[in-house]
There are 2 protein chains.
Amino acid sequence: MEGVDFLADERRKAEFDVDAMKVVWAGSRHAFNLSDRISKLVASDPVFSKDGRTMMPRKELFKNTLRKATYAWKRIIELRLTEEEAARLRFYIDEPAFSDLHWGMFVPAIKGSGTEEQQQKWLPLAYKMQIIGCYAQTELGHGSNVQGLETTATFDPQTDEFIIHSPTLTSSKWWPGGLGKIATHAIVYARLITEGQDHGVHGFIVQLRSLEDHRPLPDITVGDIGMKFGNGAYNTMDNGVLRFDHVRIPRDQMLMRVSQVTREGKYVQSDIPRQILYGTMVFVRQSIVADASSALSRAVCIATRYSAVRRQFGSQNGGQEVQVLDYKTQQSRLFPLLASGYAFRFVGEWLKWLYTDVTQKLQSGDFSTLPEVHACTAGLKSLTTSATADGIEECRKLCGGHGYLCSSGLPELFAVYVPACTYEGDNTVLLLQVARVLVKTVSQLGSGKPPVGTIAYMGRIGHLMNCRSKVQQANDWQNPSAVLEAFEARAARMAVSCAKNINKFAIKEEGFAELSADLLEAAVAHCQLIVVSKFIEKLQQDITGRGVRQQLEALCAIYSLHLLHKHQGDFLSTNYITPKQASLANDQLRSLYTQIRPNAIALVDAFNYTDHFLGSVLGRYDGNVYPKLYEEAWKDPLNDTVVPDGFHEYIRPLLKQQLLTARL
Amino acid sequence: MEGVDFLADERRKAEFDVDAMKVVWAGSRHAFNLSDRISKLVASDPVFSKDGRTMMPRKELFKNTLRKATYAWKRIIELRLTEEEAARLRFYIDEPAFSDLHWGMFVPAIKGSGTEEQQQKWLPLAYKMQIIGCYAQTELGHGSNVQGLETTATFDPQTDEFIIHSPTLTSSKWWPGGLGKIATHAIVYARLITEGQDHGVHGFIVQLRSLEDHRPLPDITVGDIGMKFGNGAYNTMDNGVLRFDHVRIPRDQMLMRVSQVTREGKYVQSDIPRQILYGTMVFVRQSIVADASSALSRAVCIATRYSAVRRQFGSQNGGQEVQVLDYKTQQSRLFPLLASGYAFRFVGEWLKWLYTDVTQKLQSGDFSTLPEVHACTAGLKSLTTSATADGIEECRKLCGGHGYLCSSGLPELFAVYVPACTYEGDNTVLLLQVARVLVKTVSQLGSGKPPVGTIAYMGRIGHLMNCRSKVQQANDWQNPSAVLEAFEARAARMAVSCAKNINKFAIKEEGFAELSADLLEAAVAHCQLIVVSKFIEKLQQDITGRGVRQQLEALCAIYSLHLLHKHQGDFLSTNYITPKQASLANDQLRSLYTQIRPNAIALVDAFNYTDHFLGSVLGRYDGNVYPKLYEEAWKDPLNDTVVPDGFHEYIRPLLKQQLLTARL
């Protein structure tokens with residue numbers, strides 16, 4: 001049966017040009033070619049095989065990752081890959097490794113916060129991987145609240161050194177990837193103390209291990225923090241714990257781009273504004289949003305393909321059962337996730353543009369858009385990662401029992417993905433930051449300071465507070481401006497309502513705290529509006545290829561209307577729509593599901609994922625699921641022997657016992 | 001610090017008698033004593049330690065489970081435990097094992113479907129564990145649709161035998177626990193074919209392995225299906241695959257209580273009605289609901305205790321940061337889950353009563369309540385397991401980053417729990433069964449056949465379609481009858497609306513299929529009503545102990561009002577409440593959170609879980625979290641050596657290389 005495409009019928013049904021859609025998904029012809037080439041390079045190299053990953057004990061798993069990560073580096077050198085290509089290569093290897101932190105956090109931190117001299121000293125070593133770095137910020141007792149970190153860096157003017165110290169157990173560095181077993185160096189965040197004064201948290205370059213024998217340097221305790229969620233998953237990474245007992249480093253290992261300590265121990269600000277550091281945060285968050293669309297689309301691809309293969313119930317006259325994908329219950333859970341995958345992709349693309357835009361503004365000293373950009377990236381990080389984590393698990397459930405097998409790929413995808421909801425800003429904390437900006441915006445309305453960027457719609461508050469939906473029949477909801485106004489009115493009304501309720505409190509901060517659950521909902525409404533509006537903007541761009549625009553229009557409508565249905569309480573309680581209009585939206589949603597159904601397989605093919613990257617028997621391109629599931633089963637170590645270890649010791653005596661005394 | 005209770009302050013705050021609440025939670029003084037005694041027995045026995053479970057490779061893990069399960073059996077005999085005590089013992093050992101299926105499925109199947117003679121022959125062997133059984137129903141290609149199973153049992157009158165056969169790959173038995181490596185026997189479900197006719201699916205007792213050397217009998221292929229979701233978790237179980245190549249068994253190994261094959265090969269029905277088998281299904285589902293309340297309350301206990309230990313932000317004047325449990329965002333996510341734990345407990349208790357009630361009715365030949373009982377158990381299984389799976393993951397997120405560590409216990413709890421959404425009826429399929437009964441009930445209204453049991457409220461359809469909420473201020477929502485009417489009106493209106501929409505279709509089945517996503521929502525509304533109404537009924541019972549009733553009233557209100565808020569679109573769109581009333585419900589919810597806050601720790605203490613059962617560093621009774629997290633970390637195998645395996649092979653050459661050619 002090898003070589004047969006069991007999904008060929010499904011592929012023939014598609015009403016659009018899949019190759020053109022692949023380019024739209026990738027973002028450009030260049031991006032498509034790059035991804036296509038690198039993903040195939042990885043998929044065809046046996047060293048990058050994922051076989052057995054979910055069965056390996058920790059040490060073996062970790063060693064295997066070292067093998068892959070160092071081989072990847074070798075290939076990067078041999079093939080003379082560009083930085084962009086190297087990043088794609090690591091992405092398609094699809095296995096968290098110490099090198100992610102080296103390239104993704106250590107190098108950027110030095111670039112962003114190091115002086116020219118520091119960059120000249122450290123970057124060449126890092127670029128050649130002659131040192132390996134990690135990023136040691138969070139502590140055992142301190143995560144979200146960076147200002148609460150306890151590690152200290154006390155300047156000693158006698159020796160021109162900083163003394164790095166962990167004063168309490170809770171100040172132990174905890175979680176940094178690559179720290180546990182591999183990193184030779186770390187960017188350590190610690191409270192800078194000089195001349196008896198605490199100047200808050202700053203970054204320091206600290207060597208952790210000998211470059212000769214890899215043993216921890218004196219007065220440093222370092223190790224791995226133990227197993228994490230899932231099989232394989234993040235257990236390939238040595239997230240670590242680190243304690244310092246008065247470790248001395250030279251003064252020039254404080255990252256001194258924006259603030260410095262002089263030879264005498266004076267704390268001084270450089271002429272580079274602190275805000276310049278926000279650029280890095282925008283960059284990191286845009287890449288998290290891009291990762292969300294990748295992870296969600298991967299899960300959706302697996303669930304969609306398997307839903308076309310799997311049949312249950314409804315056979316008539318002894319014929320085949322019905323494809324699960326034909327059930328409206330399946331469609332109503334799966335297609336909104338498919339639409340979300342596309343929606344997150346496009347909002348991620350826009351964030352990439354925003355990053356370059358804000359970088360230019362920062363460089364020219366224009367910080368005016370920072371609060372809005374900060375809120376927008378925080379909110380989109382929160383929205384997309386939460387929806388993706390839930391969406392992957394939903395896709396697993398949509399595969400029925402078999403989604404529970406590691407060979408489905410979904411358990412590992414879920415387990416490896418969920419930390420995105422916590423790292424780089426806890427999702428709840430981030431939404432509250434969005435809410436704060438919204439409430440502030442409302443309070444400043446009419447002050448002559450018009451809201452900008454993604455909050456600009458608040459400038460039309462008069463209209464948005466009073467308008468009513470004009471929808472009269474189901475397909476009026478297909479009109480982007482009808483949808484956009486609905487999401488704007490909802491977001492604006494929720495924000496205004498929160499702001500009003502806060503104003504009833506004598507102390508505003510108390511009101512904010514008391515009403516924070518409502519504020520989260522207002523923040524979500526605002527963020528959903530951003531995603532909807534960016535999808536609609538995408539549709540206004542030049543889109544080529546037979547039928548491609550029609551599919552994207554349907555997906556955009558599905559994304560918007562499923563949210564409208566899910567949150568219809570918001571739209572109804574703010575009186576923007578009537579129950580009748582809510583019901584029409586639901587009718588339209590149903591007919592969109594029918595419209596998208598024949599294109600479902602082609603729409604996930606457009607992600608252009610190799611079977612290697614998917615790592616799922618259920619999601620195989622050729623749909624040849626059952627023989628391969630069967631084959632996979634026999635690879636489990638338990639099947640090495642017919643009679644299992646422990647049988648003679650435990651089970652045989654049980655079977656052979658003669659019971660006399662049991663009450664049972 | 002050993003022996004210090006870091007949560008003592010929290011415990012002192014409690015406004016009710018925790019010991020009295022423990023009895024309410026357990027269901028009775030007897031049940032409390034039993035659970036308390038057995039859970040401590042397990043916790044104090046080093047053989048039942050869970051240490052290292054999430055780090056063990058598959059074979060070692062499995063062998064370890066064999067050790068525990070057989071030791072448990074030894075203790076059951078030695079201590080002469082009753083069946084009830086033995087079941088609690090297995091529950092508190094908290095590790096899925098082959099014996100679960102033996103006692104939970106194999107024995108009950110013989111009891112329920114075997115004739116008197118079959119029971120006399122097989123049960124003594126099973127009771128003494130001289131044979132070990134499993135339950136082989138689902139197949140590689142067939143799960144939910146039992147009638148689609150492909151395995152055949154063809155009667156051969158020549159030899160008075162059945163020939164059990166797997167005609168296709170997709171007919172391979174797939175998933176049965178205990179099958180992979182341990183079971184000597186199985187109840188195999190297969191299509192009964194005799195005299196050339198297919199009589200549908202029946203159960204057969206089939207020996208799988210030699211009782212001498214444990215090898216599979218001739219023409220039987222059997223093995224483990226491989227790794228499943230999570231560390232430890234269900235990988236302690238040998239879920240299996242099984243194929244038959246024309247395996248012969250004697251005729252008397254068909255389970256013949258309700259239908260038989262005669263010596264001549266005639267298929268005949270006995271005088272015992274088929275409906276008698278439904279009793280078992282009700283029993284299994286009530287125990288699943290009870291398990292849901294256990295699993296959810298466990299996760300809630302961990303998250304609540306750690307939320308009292310963990311502090312983030314808000315320190316003033318250098319003092320301690322604020323306990324996470326004091327944040328309204330945390331409360332609004334956590335307290336509804338705490339309330340759900342209690343709600344599911346009480347509805348489970350009621351289901352236990354329903355089981356005895358329906359058993360008596362069945363025995364006296366009264367099948368009239370069966371459709372309603374069937375729908376109600378199906379719906380509650382679906383509702384509680386879905387909410388529990390989501391709730392555990394939410395609790396994990398509520399613990400921040402540390403919830404991602406296996407030592408938090410939450411990853412394993414989640415991974416081991418989620419299959420409950422799929423087994424014993426896929427949750428979506430079950431809800432559609434509920435919807436079917438609802439639609440039928442609506443269509444029969446006014447026919448003179450009054451709806452019974454949990455659907456009885458439909459009998460007041462005239463009132464429920466037209467009434468409006470009379471709530472005028474927030475604490476009017478504290479009134480149980482106001483809440484009950486709201487949930488009844490919502491459920492009734494959604495069911496009627498679905499029924500009306502279906503009637504617009506020429507072919508009703510097509511309407512049902514097309515509108516199935518709406519039908520799911522109507523079914524959920526109905527099931528939530530059941531849970532709310534059983535919680536309210538519980539409050540009408542005699543409840544003793546200082547402050548206990550007040551706490552339960554608050555929890556009941558939280559459970560109801562958080563649902564009302566979450567689904568406010570349903571209540572608003574059916575015009576039962578106004579936006580103002582929805583907002584009042586939300587205000588009331590907020591004040592309930594404040595009211596429950598000082599009692600939160602005591603309310604989870606009332607579950608009476610040992611630290612052994614919780615299996616979580618974050619959920620420790622004494623709150624001594626950080627030193628223990630630190631201690632746990634060092635147990636990881638990666639920390640066996642300072643320099644990790646693979647360093648010399650992979651990392652050292654990398655660090656020592658001299659790069660000349662990189663483009664980076």
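In this predicted model, the hairpin formed by strands E2 and E3 of chain B has 4 residues between its strands, and B:Asp160 adopts a positive phi near 60° there. The two arms of the hairpin, E2(B) and strand E3 (residues 161-165) of chain B, run antiparallel and are joined by 5 bridges. Within this pairing, B:Ala153 sits opposite B:Ile164 of E3(B).

Strand E2(B) also has a parallel partner: 3 bridges connect it to strand E5 (residues 185-194) of chain B. Here B:Ala153 appears again, with B:Leu192 as its bridge partner in E5(B). Strand E2 (residues 152-156) of chain B is largely enclosed by the rest of the structure, because 4 of its 5 residues are buried, that is, under 20% relative accessible area.

Turning to chain A, an open sheet of 3 strands follows the order E4-E8-E7, with antiparallel pairing. Its edges are strand E4 (173-174) and strand E7 (220-224) of chain A, each of which pairs on one side only. Strand E4(A) is held to strand E8 (residues 240-244) of chain A by 2 bridges in an antiparallel arrangement, and A:Trp174 lies opposite A:Val241 of E8(A).

A helix of chain B completes the picture. Helix H11 (residues 410-417) of chain B is mostly covered, with 7 of its 8 residues buried. These buried residues are B:Leu410, B:Pro411, B:Glu412, B:Leu413, B:Phe414, B:Ala415 and B:Tyr417. Their cover draws on both chains: it includes helix H10 (370-398) and helix H11 (410-417) of chain A, along with helix H8 (278-309) and helix H10 (370-398) of chain B.

How values were computed: Residues numbered from 1 in each chain as written. Chains lettered and ligands numbered in written order. Predicted model: local features only at pLDDT ≥ 70, side-chain atom pairs only at ≥ 80, totals over all residues. Heavy atoms only, no water. Pairing = 2+ DSSP bridges. Buried < 20%, exposed > 50% of the residue type's maximum accessible area, 1.4 Å probe, protein only. Contact = heavy atoms within 4.5 Å.
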